[in-house]
Amino acid sequence: MTDGPILLIEDNPLNMELAGEILRQAGCTVLEAATAQEGLRLAVEARPALVLLDIQLPDLDGLEAVRRLRADARTAGIPVVALTAQAMKGDEAAARAAGCNGYIAKPINTRSFASDVLTFLHPPGGRDHVARP
Ligand code: MN
């Protein structure tokens, strides 16, 4: 269904389980990382089609993580969508400024999450933004 795995970087086990299950039921292959460092390592190794990035992580701020993804030629073209509970004004702008392509607020909407995510893989009416090797 997708062009490659979706990398889910999330330290909360319940959020990981919920988001991962929804995406797997939508036909996606999901790679999971509970820390930013593990997520950055997997992003280089697996070249996912999309990264879903929790902004509050134990080891590294998610905004710093996306800056590192953008700074590395191997991962610079991968779409990154911020996942954050900090649903406050300015957060989306901060996420975009750091290099995120978009933003999904937590708690996630279980009815729309899969389609929200896939929109970033295949923008409606737009070209395919997914980086290819
Ligand atoms: Mn978190």
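A trainee and a mentor discuss a predicted model of a protein with a manganese ion.

Local features here need pLDDT of at least 70 and side-chain atom pairs count only at pLDDT 80 or more, while totals for chains, interfaces and linings use all residues. Residues are numbered from 1 along each chain as its sequence is written, and side-chain values use heavy atoms, with hydrogens and water left out.

Trainee: In what order do the elements of the protein run from the N terminus on?
Mentor: Helices (H or I, at least four residues) and strands (E, at least two) are DSSP runs, numbered from the N terminus. The protein has five of each. The order is β-α-β-α-β-α-β-α-β-α.

Trainee: Which residues are the protein donors of the manganese ion?
Mentor: Donors are N, O and S atoms within 2.8 Å of the metal (3.2 Å for Na, K and Ca). Water is not among the atoms, so the site may look incomplete. Lying 2.0 to 2.1 Å from the ion are D11 (OD), D54 (OD) and Q56 (O).

Trainee: How many residues apart in sequence are the parts that D11 and D54 tie together?
Mentor: The donors follow the spacing D-x42-D-x1-Q. D11 lies in the loop between β1 (6–9) and α1 (13–25), and D54 in strand β3 (residues 50–54), so the parts they tie together are apart by 43 residues.

Trainee: Is D54 buried or exposed?
Mentor: Buried means under 20% relative accessible area, exposed over 50%, partly exposed in between (1.4 Å probe, protein chains only). D11 is partly exposed at 32%. D54 has 2% relative accessibility, so the class is buried.

Trainee: Around what arc do the buried residues of helix α4 lie?
Mentor: The buried residues of α4 (residues 91–98) are D91, A95 and A98. The arc is taken from the directions from the helix axis to the C-beta atoms. These residues sit on the same side of α4, within an arc of only 65°.

Trainee: What is exposed on the other side of α4?
Mentor: The buried residues have cover that includes α3 (62–71), β4 (80–84) and β5 (102–105). On the other side, the exposed residues are A93 and A97.

Trainee: Which residues does V51 touch?
Mentor: A nonpolar core is a set of buried Ala, Val, Leu, Ile, Met, Phe, Trp, Tyr and Cys residues joined through side-chain atoms within 4.5 Å. V51 is in the largest one, of 23 residues. Contact means heavy atoms within 4.5 Å. Not counting residues up to four places away in sequence, V51 touches L7, I9, L69, I78, P79, V80 and V81.
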